[in-house]
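Trainee: I'm new to this, and I'd like to learn how to read a protein model. Could you walk me through one?

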There are 2 protein chains.
Amino acid sequence: MTQTFVPVRRRGLMLVLSSPSGAGKTTIARELLATDPQLEMSVSATTRAPRPGEVDGKDYHFVDIATFERMVSEGEMLEHAKVFDNYYGTPAKPVRDALAAGKDVLFDIDWQGTQQMRQGARSDLASIFILPPAVEELERRLKSRAQDSEEVVKKRMAKAGDEMSHWPEYDYIVVNHQLDSSVASVKAILTAERLKRERQVGLPDFVNALRSKT
Amino acid sequence: MTQTFVPVRRRGLMLVLSSPSGAGKTTIARELLATDPQLEMSVSATTRAPRPGEVDGKDYHFVDIATFERMVSEGEMLEHAKVFDNYYGTPAKPVRDALAAGKDVLFDIDWQGTQQMRQGARSDLASIFILPPAVEELERRLKSRAQDSEEVVKKRMAKAGDEMSHWPEYDYIVVNHQLDSSVASVKAILTAERLKRERQVGLPDFVNALRSKT
């Protein structure tokens with residue numbers, strides 16, 4: 001793929017990827033991050049204990065409950081949720097810093113997190129929903145992922161069906177037929193979003209300099 | 001470049017390319033059309049006489065003044081202008097037909113045409129403004145194009161400066177540093193626009209079919 005670039009100073013953007021589990025989102029995100037130095041992953045904060053092998057600041061920011069609640073009350077979480085007894089959330093500061101430096105930030109969050117983020121940062125946000133090409137494919141992926149009972153797979157399928165109903169809340173929809181094609185699609189969306197007029201904050205100066213010589 | 005595709009039935013879109021002359025727009029348009037079978041060029045109508053070698057229906061639709069004026073009064077022109085004694089305009093019907101068939105239509109028009117088109121078809125329209133990387137480059141291109149006097153080149157440069165002032169009216173801005181990169185940028189924009197939720201009109205049926213099996 002020919003390299004594209006935005007030569008004018010620009011403001012970073014927040015790229016949200018959501019999907020029902022099993023639709024291939026995580027693989028797509030990994031491919032994007034591996035090939036795009038301008039893009040960084042948002043690292044969530046959580047109050048749950050680290051699992052073996054998890055690295056603080058890389059897999060999660062591990063914080064205690066008091067810290068988490070303070071961050072929420074001070075507006076320092078872009079979105080958060082409580083799952084069973086644990087909090088999960090997206091700290092705002094690393095995102096603000098990345099955007100100001102002209103970097104883009106990738107978010108792997110669900111539709112509830114996306115709804116919360118949309119309220120605060122509409123113009124900096126582009127959201128993509130990944131759909132599976134067929135239910136059989138989704139079932140195959142969910143089954144191959146773990147040796148779960150048929151009952152568990154059924155529950156996950158029902159949950160995936162619920163999650164899918166939120167596609168109308170997203171800017172772009174990618175049906176993940178083929179990984180290569182879906183990665184190319186998401187890359188194209190990122191490239192296009194970078195080329196939006198309002199993101200290229202250096203344009204007024206750039207055009208004034210051009211026009212002053214005509 | 002990995003092929004991307006939109007597997008769900010979609011509505012076509014209108015892609016407008018504008019630029020000051022000499023910024024490289026025509027070359028970019030030609031590259032796009034040569035590699036994208038889903039994209040077709042809008043052919044303008046004009047009342048001026050065909051020049052040697054021009055083909056009716058390919059270079060222009062050559063029509064008489066009465067026909068042109070009737071089309072305007074019946075709303076059958078998406079945009080039109082009078083340049084000296086000749087009319088130029090974009091007939092609506094071929095565009096409507098292409099969009100309904102899921103094809104995308106490329107328009108090579110100026111900022112005045114774009115303004116007129118924007119009024120009628122906002123949601124089907126994506127607009128790109130191509131800027132030259134530097135004024136020296138623009139001047140070089142304008143000079144190499146024809147053996148014009150310095151006076152003529154000066155006038156063209158001034159006109160280019162005026163045209164450039166309309167960049168804030170466009171959705172996307174591409175600075176044409178390198179042709180390959182600019183073509184890739186415009187292709188990415190086209191791909192992303194095709195993946196917008198509202199363009200994929202087959203999605204409600206597609207997701208309903210998926211969900212009915214979960």
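Mentor: Sure, let's begin with pairing: two strands count as paired if DSSP finds at least two bridges between them. Keep in mind that this is a predicted model.

Trainee: How many bridges link β5(A) and strand β6 of chain A, and in which sense do they pair?

Mentor: There are 6 bridges, and β5(A) and β6 (residues 86-91) pair in the antiparallel sense. One of the partners is easy to find: A:Val83 has A:Asn86 in β6(A) as its bridge partner.

Trainee: What sheet do those strands belong to, and in what order?

Mentor: An open sheet of 4 strands in chain A, ordered β4-β3-β6-β5, with mixed pairing. β4 (61-62) and β5 (77-83) of chain A have a single partner strand each, so they stand at the edges with one side lacking a neighbour in the sheet.

Trainee: And what sits in the loop between β5 and β6 of chain A?

Mentor: A:Phe84 lies there. Look at its backbone angle. As a rule, most residues other than glycine have a negative phi. A:Phe84 isn't a glycine, yet its phi is positive, about 55°.

Trainee: Is A:Phe84 buried or exposed?

Mentor: To decide, count the other C-beta atoms within 10 Å: 12 or fewer makes a residue exposed, 20 or more makes it buried. A:Phe84 has 5, so it is exposed. Over in chain B, B:Phe84 is in the loop between β5 (77-83) and β6 (86-91). B:Phe84 also has a positive phi, near 55°, and is exposed with 5 other C-beta atoms within 10 Å.

Trainee: Which residue would show me the buried case?

Mentor: Try B:Gly113, which has 21 other C-beta atoms within 10 Å and is therefore buried. You'll find B:Gly113 in helix α4 (residues 111-120) of chain B. Skipping neighbours within four places in sequence, B:Gly113 is in contact with B:Glu79 and B:Ala81.

Trainee: Where does the nonpolar core come in?

Mentor: In soluble globular proteins, nonpolar side chains tend to be buried together. Here the largest nonpolar core has 94 residues, and among those touching the most other members are A:Ile173 and B:Ile173.

Trainee: What does B:Ile173 touch?

Mentor: Leaving out residues up to four places away in sequence, B:Ile173 touches partners in both chains, including A:Leu195, A:Leu203, B:Phe129 and B:Trp167. B:Ile173, in β9(B), is also the bridge partner of B:Phe129. β9(B) runs parallel to strand β8 (residues 125-131) of chain B, and 4 bridges join them.

Trainee: What strand order does that sheet have?

Mentor: It's β2-β7-β1-β8-β9 in chain B, an open sheet of 5 strands with parallel pairing. β2 (39-41) and β9 (172-175) of chain B are the edge strands; each has a single partner, so one side is left without a neighbour in the sheet. On average, neighbouring strands of this sheet are turned by 25° against each other, direction ignored.

Trainee: How should I read the place where the chains meet?

Mentor: Start with who is in contact: 43 residues of chain A with 43 of chain B. On the chain A side, α7(A) gives the most, with 8 residues. By class, that side has 26 nonpolar, 11 polar and 6 charged residues.

Trainee: How are the two copies related?

Mentor: A rotation of 180° with 0.0 Å of shift along its axis superposes chain A on chain B, at an RMSD of 0.0 Å. The two copies are thus related as by a two-fold rotation axis. And 100% of the interface residues of chain A are also interface residues in chain B, so the copies meet through the same surface.

Definitions and conventions:
Residues are numbered from 1 along each chain as its sequence is written. Chains are lettered from A and ligands numbered from 1 in the order in which they are written. This is a predicted model: local features need pLDDT of at least 70, side-chain atom pairs count only at pLDDT 80 or more; totals for chains, interfaces and linings use all residues. A nonpolar core is a set of buried Ala, Val, Leu, Ile, Met, Phe, Trp, Tyr and Cys residues joined through C-beta atoms within 7 Å. Two residues are in contact if their C-beta atoms, placed from the backbone, lie within 7 Å. Helices (H or I, at least four residues) and strands (E, at least two) are DSSP runs, numbered from the N terminus. Ala, Val, Leu, Ile, Met, Phe, Trp, Tyr, Cys and Pro count as nonpolar, Asp, Glu, Lys and Arg as charged, and the others, Gly among them, as polar. Copies are superposed by least squares on the C-alpha atoms of residues with pLDDT of at least 70 in both. Axes are lines fitted to C-alpha atoms, for helices over the stretch in contact, and angles run from 0 to 180 degrees between N-to-C directions.
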